[in-house]
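Subject: A structure for you to look at

Dear colleague,

I am handing over a structure that I would like you to open and turn around while you read. Please keep it in view, since my notes follow it residue by residue.

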Amino acid sequence: MPGRLRALVALVALAASPAQAQQAGSLVSAQPMLNAPAGMQAWKITYGTTDENGRAITATGIVAAPTGPTASRIRPVIAWTHGAWGIAQRCAPSLNPAILTLSPALGEMVARGYVVVAADYPGLGSPGQHALLLGRETAHSVLDAVRAARGIPAAGSGHAFAVWGESQGGHAALWTAAEARRYAPDLSLTATAAAAPPTDLAANLRSGSDLNARAMLTTFAVYSWSQRLDAPLSTLFTPSIQGVVTRLAQNNCIELNGKPRLGTILGVVAVRNALRSKDVGAIRPWSVIARDNSVDPRAVPGPLMIAQSDADKIVAPAVTRDFARRYCRLGRPLRYLRMTGTAHENSARDSAKTTLDWIDARFAGQRDSDDCRGI
């Protein structure tokens, strides 16, 4: 069969039927990405998952794998869960043409022989409103992306996986671990790693020392919750500030190296002033939403690793340490990497080698280390 015909047949085979598209974990489509670095092959995927209420939806993401044959063995999987990029559909990581080089340690993960499955999360790159830090829905989309990746023969992914994420993705990683056994019993969770993870959402929203970042993240959170969970913005803001919140949420994606527009700067200042005497964690329904989507340490299985910088101005180190101590009091070992001087946005990058070495050891069946006494 000529090479072009074989390629066409392969692409057709990766397009699921409409019935399959309604099934959680089914691969709807896999489009090869032509800009993959040397030694890597990658696909942009669309797949079926479920929303917070169990309804069938579609989501998008990326799968990256080593090049070369897979006949000798099935490759282990790392589900990479990204930090906050925004809540508008166009903010999806997979829509960024440089995503294969922007994602922390993606090339290193592939070089170590892993298939990397990076979900966008519902509402990013797919229809609907993305809900920031909505735990179960995000976890389901991550687990279903891992399932869907098995529909790409060239990737060679198996059922054993680790999950690793940063910031919003650290929250997603912990929730994915908590939901894995119940939601996806066909998968086997080997390890969970979270860098700078929000855990107690009310405490996180009130404790970050970067007031502008805190105002922007609160804007993303409350606007997305208002749209998805019918929480009224009027309980927090005057009509004029509600308009500011709406414009900020709808018109901004996070760009680490980008310069914010004047309108964005002024809008953030207005929201910051409006929140000065308010605690989202003490006002209903926001307090209930924050509580329901915080991470219960009892629900997170081991092995678990957390990386947190003492210099983090967005995810307060004290909140992360409190979660770690509560986890340790359950009598479970915890690998805790304390970093100094690392900015929030570099949490995964600066902890990548230690984290990937730790994940390698878990797949190899080595005994886990325990840092609980030093926390």
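Below I go through the salt bridges and then some backbone features.

Please bear in mind throughout that this is a predicted model.

Salt bridges

Side chains of opposite charge can pair when their charged atoms come close. In this model the count comes to 18 salt bridges, and three of the pairs may help you to see how they are placed.

The pair to begin with is D360 and R112, whose closest N and O atoms are 2.5 Å apart. Because D360 lies in helix 13 (residues 347-363) while R112 sits in the loop between helix 4 (106-111) and strand 5 (115-119), this pair ties together parts that are 248 residues apart in sequence. Both ends are partly exposed, D360 with a relative accessible area of 27% and R112 with one of 23%.

The pair R182 and E179 has a different setting: the side chains meet in a salt bridge at 2.4 Å, N to O, and both residues lie in helix 6 (residues 168-183), three residues apart, which is about one turn of the helix. R182 is exposed, at 54% relative accessible area, whereas E179, at 7%, counts as buried because the cut-off for that word is under 20%.

A further salt bridge joins D350 and R349, with 2.9 Å from N to O; here D350 is partly exposed at 36% relative accessibility, and R349 is exposed at 52%. Elsewhere, salt bridges that share partners link E108, R112, K353, D357 and D360 into one network, so that R112 and D360 from the pair described above appear again here.

Backbone features

Most residues other than glycine have a negative phi, and most peptide bonds are trans. With that in mind, which residues does a cis peptide bond join, with omega about 5 degrees? They are R284 and P285, and P285 is placed in the loop between helix 10 (262-274) and helix 11 (286-292). Another cis peptide bond joins G302 and P303, with omega about -5 degrees, and P303 is in the loop between helix 11 and strand 8 (304-309).

Y121, which is not a glycine, has a positive phi near 85 degrees; this residue is found in the loop between strand 5 and helix 5 (135-149) and is buried, with a relative accessible area of 0%. D230 likewise has a positive phi, near 55 degrees, in the loop between helix 8 (211-229) and helix 9 (239-251), but D230 is exposed at 68% relative accessibility.

With best wishes

How values were computed
Residues numbered from 1 in each chain as written. Predicted model: local features only at pLDDT ≥ 70, side-chain atom pairs only at ≥ 80, totals over all residues. Heavy atoms only, no water. Salt bridge = Lys/Arg side-chain N within 4 Å of Asp/Glu carboxyl O. Helix = DSSP H or I, 4+ residues; strand = E, 2+ residues; numbered from the N terminus. Buried < 20%, exposed > 50% of the residue type's maximum accessible area, 1.4 Å probe, protein only.
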